[in-house]
Amino acid sequence: MTQINQTVSTQLEDDIYVISVDNPPVNALSHAVREGLVAALEALAAEPAARAGVIACKGRTFFSGADISEFGKPPKFPILPEVMTAIEECPKPVVAAIHGMALGGGFETALACDARIMAPDAKLGLPEVTLGLIPGAGGAQRLPRLVGLGPALEMIVTGKPIGAAKAAEIGAIDRIAEGELLAAARDFARERAAAGKRKTSALPAPARDEEAVAAQTAYAKKRLRGQIAPLKAIEAALAACDGDFEEGSARERKLFEELRGGAQSRALRHIFFAERESRKVPGLENVSPREVARVGIIGAGTMGSGIAIACADAGLGVRLVDLSEEALARGLARIAENYRSQAAKGRISAEEAARRENAVAGATSLAPLADCDLVIEAVFEDLDVKKSVFEQLGGLARPGAILATNTSYLDVNEIARASGRPGDVLGLHFFSPAHIMKLLEIVRGAETADDALATALALARRLGKTPVVAGVCRGFIGNRMMQCYQREAGRLLLEGASPARIDAALYEFGMPMGPLAMLDLAGVDIGQAMRAKLDPSEYDFDAFRVHAKLVELGRLGQKTGAGFYAYEEGSRTPLPDPVVTDIIREIADALEIAPREIPDREIVERCIFAVVNEGAQILDDKIALRGGDIDVAYVHGYGFPRHLGGPMKYADESGLSDVLARIREFHAQSGRDWLRPAPLLERLANSGGALSTYRN
Ligand code: NAD
């Protein structure tokens, strides 16, 4: 064996030259790997005994992609396209032996090889769009030549990886390995040696497939609304149809470079890294989580039943308790219905559906929770009710069991104290529907034990959730920011913007729906019930007067057929309602707020910058560990457009000084205390700092 550098080695095995890459953990195509590959290919060309080469990776996967930590830095040669050229220019055939994942630049490397052989359980994909990019190293030119434009576009635009069977079917690989991959790859390389060199770039240009282009353009505009990269990916792949590989590659590279330098890719990369970081809490590195196998859930309502599904899906045993027999039956029926539908759609087998459904056992007393490792409370949002539940749990749950509350706003410390064992208590704030929404806000109480927090983080991983750790305050990170967003929307109503106008402006910004349509969906009464328990001085009472009036009139949103909008029987389409216009006008008149024409830009900035300002305050209050955590929470829990990176990143990209100037204007114009610029925002704007990378 010859060691080319610290990551690449070669070995001549009979007449086949095996190039092995070992760059743990996931064989990213870092500079050393690229340099080693080019040197190894030169050695292959120069070795008289070698008839063909095999590129294979050690460890758990083939190349998982480019090394994204190099993205922000000046390019170091050889860059990836040069590696591709080296493979194609090597006079001897080269076979890629793929196991684990071949993603992004990894799959592009395989595409540049003469042929590809793949382990049956491996996957391939071009997920660059998820980072706001396109392939960039000739992948958008080679893949369509190999499989045709339609299947290539589907992979490049959706970014979704495919398995071996599909890859073989469309022609992305030549063979699925039987038996040991490397042995099969060597045999295959011998066959290729006999057949001679076959450059992917020299294959005929693919035919234009207008139907596929239209379908993928429609997909991108609908499912990836607002994102530039998927549309640029289509443009890059279409360049393959024009025939000249070099010109197509140059076009692809240029589009790639433009995207890489753009705000969307910066934002998507920020969120990608923030998601990885959000599960890490300084100080917990050497803390072992407690064992969790059996979970108890109290309250079989909307949240309790959803949390039960999330736990059963993860293979945990569940005891679901509701004091009301009827509510328990409804909760269990919801769970059964979920699994029936999962099985009917073919997402899981009927046996698996039955197994998961049976993993949830119902009860109407707390007694069966005594031997649970974790108990999650999801009863009514009422401090006294919750305190009474925790008081009972404190005595009943086994020592060491973790006691969690799913409260949206209440004081976790007070709830923890009621249990008499606050070290075991924390908040696990799931979002609705709990088995679908990815965000899990983990609320660390003043006395929460480190290993209890570590257990919550481990649970998040097990449930497939994205955790964000928050401190105790009303609404934690997400709902505290959401209240500010809703407050500005409420104010804008009074100042003359209609619900439809406000919602349209924020939809256009990229939110999945506007704030008022969202309230109609969630129930206008929920926020109102929370505010009813506050002193009017604790929040902007006037901003929510319309909401209060709607609730008083029984207009609770979609569930009652009317809220900020009217709904026709059986329809979820919001229709502007003159009754609401009158209510708003009446309240605004009484408050002596004269209606004015409000530009869309102001609507968006008022709502979004209110969120930014509160986010800065949350950081200053040390409720969030990092600016990135706030972005992760808002993207995953509230639908903030991922390609804008979350509110903190959006503010950084907009320029903190400009954001601050606008907030100052809004503050002066409103005369209200709520919009006062957060001191941290002022400090960072003055010092040239950033919110999205801020750390406590
Ligand atoms: P829900 O009204 O649908 O369900 C609450 C259930 O708790 C009811 O079935 C009720 O019978 C039961 N219950 C009440 N007191 C009980 C007790 N002492 N012991 C056992 N069961 C009892 O409410 P939900 O929407 O599921 O909300 C539950 C909690 O989750 C609340 O704290 C809420 O703030 C929080 N939350 C809700 C959402 C949401 O979108 N609905 C999102 C996040 C968090």
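1. Where is the place of Asn27? In this structure, which is a predicted model, Asn27 sits in the loop that runs between β3 (16–21) and β4 (28–29). Although Asn27 is not a glycine, its phi is positive, at about 55 degrees. Asn27 also counts as buried, because its relative accessibility is 1% and the cut-off for a buried residue is under 20%.

2. A second residue deserves the same attention when you look through the backbone. Phe476, which is not a glycine either, has a positive phi of about 55 degrees, and it is found in the loop between β20 (466–470) and α18 (478–495). Phe476 is buried, since its relative accessible area is 0%.

3. Two peptide bonds that lead into a proline should be checked by eye. Phe77 and Pro78 are joined by a cis peptide bond whose omega is about -5 degrees, and Pro78 belongs to the loop between β6 (65–66) and α2 (80–89). The bond from Ser432 to Pro433 is cis as well, with omega near -10 degrees, and Pro433 has its place in the loop that links β18 and β19 (439–443).

4. Turning to the ligand, which residues come nearest? There are 21 residues around the ligand, and those that come nearest are Met303, Asp322, Glu381, Lys386 and Ser408. When the residues of this shell are sorted by character, 10 are nonpolar, eight are polar and three are charged.

5. The shell can also be read by element, which helps in finding it on the structure. At least two of its residues come from each of α12 (302–313), α15 (383–396) and β18 (425–430). Of these contributions, the largest share is that of α15, which supplies three residues.

6. Individual atom pairs give a finer view of how the ligand is placed. A backbone N or O atom of Met303 lies 2.8 Å from an oxygen atom of the ligand, while for Val379 the distance from a backbone N or O atom to a ligand oxygen atom is 3.3 Å. In the case of Ser408, an N or O atom of the side chain is 2.7 Å from an oxygen atom of the ligand. Taken on its own, the ligand has 840 Å² of accessible area, and the protein covers 78% of this.

7. Asp424 is a charged residue that repays a closer look, and it lies in the loop between α16 (412–419) and β18. Is Asp424 buried or exposed? Asp424 counts as buried because its relative accessibility is 12%, which falls in the range under 20%. The side chain of Asp424 makes a polar contact, at 2.9 Å, with the side chain of Arg290. If neighbours within four places in sequence are left aside, Asp424 is in contact with Arg290, Gly400, Ala401, Ile402 and Leu403.

8. Two of those contacts, Ile402 and Leu403, bring us to strand β17 (residues 402–405), which is covered on both faces. On one side of β17 the buried residues are Ile402 and Ala404, and on the other side they are Leu403 and Thr405. Strand β16 (residues 374–377) pairs with β17 in the parallel sense, over four bridges. Within this pairing, Ala404 of β17 is the bridge partner of Ile376.

Key: Residues numbered from 1 in each chain as written. Predicted model: local features only at pLDDT ≥ 70, side-chain atom pairs only at ≥ 80, totals over all residues. Heavy atoms only, no water. Near = heavy atom within 4 Å. Polar contact = N/O pair within 3.5 Å; in protein donor to acceptor, adjacent residues only side chain to side chain. Areas by Shrake-Rupley, 256 points an atom, 1.4 Å probe, with all protein chains shown as cover. Buried < 20%, exposed > 50% of the residue type's maximum accessible area, 1.4 Å probe, protein only. Contact = heavy atoms within 4.5 Å. Pairing = 2+ DSSP bridges.
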